[in-house]
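Welcome to a short set of exercises with worked solutions. Keep a viewer at hand and try each task before you read on.

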Amino acid sequence: MNMSEAQQLKLAETELRAITDMYNRMQEKCFTKCIHRIKKDPDLAVGEMACVDRCVAKYLEVHDKVGEVYQKMQAGLQPQ
């Protein structure tokens, strides 16, 4: 069964909103967790950079795992 162009566009818009939401939440959480000296020094310290790297890596790893589970669930719902 082929999706219409309207369905494909709606799916693409939904995916874009989900990715944008994930990025915004990741940015907010990692910034809050890792950046502590913003008023004192505009450059990131080594520890802050490492913290941000770990935080972003964890967010992306979880995002990938959730996506895999979601795809398996969707595949299970498809009529055969």
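What is the torsion about the S-S bond of C34 and C51, and is the disulfide left-handed or right-handed? Please keep in mind throughout that you are working with a predicted model.

**Exercise 1. Assign the handedness of the disulfide of C34 and C51.**

Solution. Step one is to confirm the bond: the sulfur atoms of C34 and C51 are 2.0 Å apart, which is within the 2.5 Å that defines a disulfide. Step two is the torsion about the S-S bond, which comes to about -65 degrees, so this disulfide is left-handed. Step three places the ends in the chain: C34 belongs to helix α1 and C51 to helix α2, with their positions 17 residues apart, so the pair counts as linking distant parts of the chain. To finish, look at the surroundings: C34 and C51 are both buried. Apart from residues up to four places away in sequence, C51 touches K33 and C34.

**Exercise 2. Find the remaining disulfide and write down the pairing pattern of the bonded cysteines.**

Solution. Start with the total, which is two disulfides in the structure. Besides the pair treated above, C30 and C55 are bonded, with 1.9 Å between their sulfur atoms. This link connects distant parts of the chain: C30 sits in helix α1 (residues 5-34) and C55 in helix α2 (residues 46-77), 25 residues apart. Next, take the torsion: -85 degrees about the S-S bond makes the link of C30 and C55 left-handed. Then check accessibility against the cut-off for buried residues, which is under 20% relative accessible area. C30 counts as buried because its value is 3%, and C55 does so because its value is 8%. Lastly, count the bonded cysteines along the chain, and the pattern reads 1-4, 2-3.

**Exercise 3. List the residues of the largest nonpolar core and say which elements supply them.**

Solution. The core has six residues in all: M26, C30, C34, I35, C51 and C55. Sorting them by element, α1 and α2 are the ones that give two or more residues to this core. Now ask for the largest share: α1 supplies it, with three residues. You will recognise the cysteines from the earlier exercises, since C30 is bonded to C55 and C34 to C51.

**Exercise 4. Is E48 buried or exposed, and which residues is E48 in contact with beyond its sequence neighbours?**

Solution. Begin with location: E48 lies in helix α2. Its relative accessibility is 7%, so E48 counts as buried. For the contacts, leave aside neighbours within four places in sequence; what remains is C34, I35, H36, R37 and D43.

Now carry out a similar analysis for V52, which is also placed in helix α2. V52 has a relative accessible area of 23% and is therefore partly exposed. With residues up to four places away set aside, V52 touches C34 and I35. As a distance check, the C-alpha atoms of V52 and T32 are 9.9 Å apart, and these residues are 20 positions apart along the chain.

**Exercise 5. How many salt bridges does a search of the whole structure find, and which side chains meet in them?**

Solution. The general idea comes before the search: side chains of opposite charge can pair when their charged atoms come close. The search finds two salt bridges.

- D21 and R25 meet at 2.9 Å, N to O. Both lie in helix α1, four residues apart, about one turn of the helix. D21 is partly exposed at 39%, and R25 is partly exposed at 41%.
- E61 and K65 meet at 3.2 Å, N to O. They are separated by about one helical turn because they are four residues apart in helix α2. E61 is partly exposed, with a relative accessible area of 44%.

**Exercise 6. Which residues make the nonpolar surface patch of about 290 Å²?**

Solution. The patch is made by L44, V46 and M49. Take V46 as a sample member: its place is in helix α2. With a relative accessible area of 66%, V46 is over the 50% cut-off and so counts as exposed.

Note on methods:
Residues numbered from 1 in each chain as written. Predicted model: local features only at pLDDT ≥ 70, side-chain atom pairs only at ≥ 80, totals over all residues. Heavy atoms only, no water. Buried < 20%, exposed > 50% of the residue type's maximum accessible area, 1.4 Å probe, protein only. Contact = heavy atoms within 4.5 Å. Salt bridge = Lys/Arg side-chain N within 4 Å of Asp/Glu carboxyl O. Core = buried A, V, L, I, M, F, W, Y, C linked by side-chain atoms within 4.5 Å. Patch = residues over 30% accessible without salt bridge, like charges linked within 9 Å, V, L, I, M, F, W, Y side chains within 5 Å. Areas by Shrake-Rupley, 256 points an atom, 1.4 Å probe, with all protein chains shown as cover.
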